[in-house]
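Please open the model in a viewer and keep the sequence panel beside it. This tour proposes a series of selections and describes what each one shows.

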Amino acid sequence: DGDALFMYSPGLANCPTKDGSALGEKKVNGLAKVAMDKGLDEMQKVLLQILGDEPHPDLGFVLIKSTA
């Protein structure tokens, strides 16, 4: 599987979900696992389900995976 590095915007954990609560570190860790296992496109689908379909322009993500 190799190594991976997942980086995200600093405000992600505090981002409000569709129920009004903060996303939180536990869900951020879950998103990182989805990104590393299935890719950023799938992670974005999961994130939009949690946050609602409204775009959040201040969020950014980077995934770097080793292929060796």
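The stops below go from the whole chain to its core and then to individual residues.

**The whole chain**

Begin with the entire chain in cartoon view, bearing in mind that this is a predicted model. Two helices and two strands are present, and from the start of the sequence to its end they follow the pattern β-α-α-β. The radius of gyration is 12 Å, close to the 11 Å that the globule rule gives for 68 residues, so the chain is as compact as a globular protein of that length. Along its principal axes, the C-alpha trace spans about 40 × 20 × 20 Å.

Next, display the surface. The accessible surface comes to about 4,800 Å², and 53% of that area belongs to carbon and sulfur atoms. Buried residues account for 24% of the 68 residues. Colouring by charge will bring out 7 positive and 10 negative side chains, the centres of the two sets lying 7 Å apart. Of the contacts between residues at least 6 apart in sequence, 62% join residues at least 24 apart.

**The nonpolar core**

Hide the surface and select Leu23, Met43 and Leu47. These residues have the most contacts inside the largest nonpolar core, a set of 13 residues. Helix 1 (24-38) and helix 2 (40-51) each supply at least two residues of this core, and helix 1 gives the most to it, with 5 residues. In soluble globular proteins, nonpolar side chains tend to be buried together.

Which residues does Leu47 contact, leaving aside its neighbours within four places in sequence? Show side chains around Leu47 to find Leu12, Leu23, Leu31, Leu59 and Phe61.

**Helix 2 and the loop after it**

Move to Val46, which is found in helix 2. Is Val46 buried or partly exposed? Its relative accessibility is 23%, and Val46 therefore counts as partly exposed, since buried means under 20%. Not counting residues up to four places away in sequence, Val46 touches Leu31 and Val34. A distance drawn from Val46 to Lys18, C-alpha to C-alpha, should read 13 Å, although the two are 28 residues apart in sequence.

Continue to Gly52, in the loop between helix 2 and strand 2 (61-65). Gly52 has 14% relative accessibility and counts as buried. From Gly52, draw a C-alpha to C-alpha distance to Pro16: the two are 9.6 Å apart in space and 36 residues apart in sequence.

**The loop between strand 1 and helix 1**

Select Ser9 next, in the loop between strand 1 (4-8) and helix 1. With a relative accessible area of 14%, Ser9 is buried. Beyond its neighbours within four places in sequence, Ser9 is in contact with Asp58, Leu59 and Gly60. Leu59 has already appeared on this tour, as one of the contacts of Leu47.

Finish at Thr17, which also lies in the loop between strand 1 and helix 1. How is Thr17 classed, buried or exposed? Thr17 has a relative accessible area of 9% and is buried. Its contacts, leaving aside neighbours within four places in sequence, are Ala22, Leu23, Ile50 and Leu51. Among these is Leu23, one of the residues with the most contacts inside the largest nonpolar core.

Note on methods
Residues numbered from 1 in each chain as written. Predicted model: local features only at pLDDT ≥ 70, side-chain atom pairs only at ≥ 80, totals over all residues. Heavy atoms only, no water. Helix = DSSP H or I, 4+ residues; strand = E, 2+ residues; numbered from the N terminus. Rg over C-alpha atoms; globule rule 2.2 N^0.38 Å. Buried < 20%, exposed > 50% of the residue type's maximum accessible area, 1.4 Å probe, protein only. Contact = heavy atoms within 4.5 Å. Areas by Shrake-Rupley, 256 points an atom, 1.4 Å probe, with all protein chains shown as cover. Lys, Arg positive; Asp, Glu negative; His and termini not counted. Charge placed at Lys NZ, Arg CZ, Asp CG, Glu CD. Core = buried A, V, L, I, M, F, W, Y, C linked by side-chain atoms within 4.5 Å.
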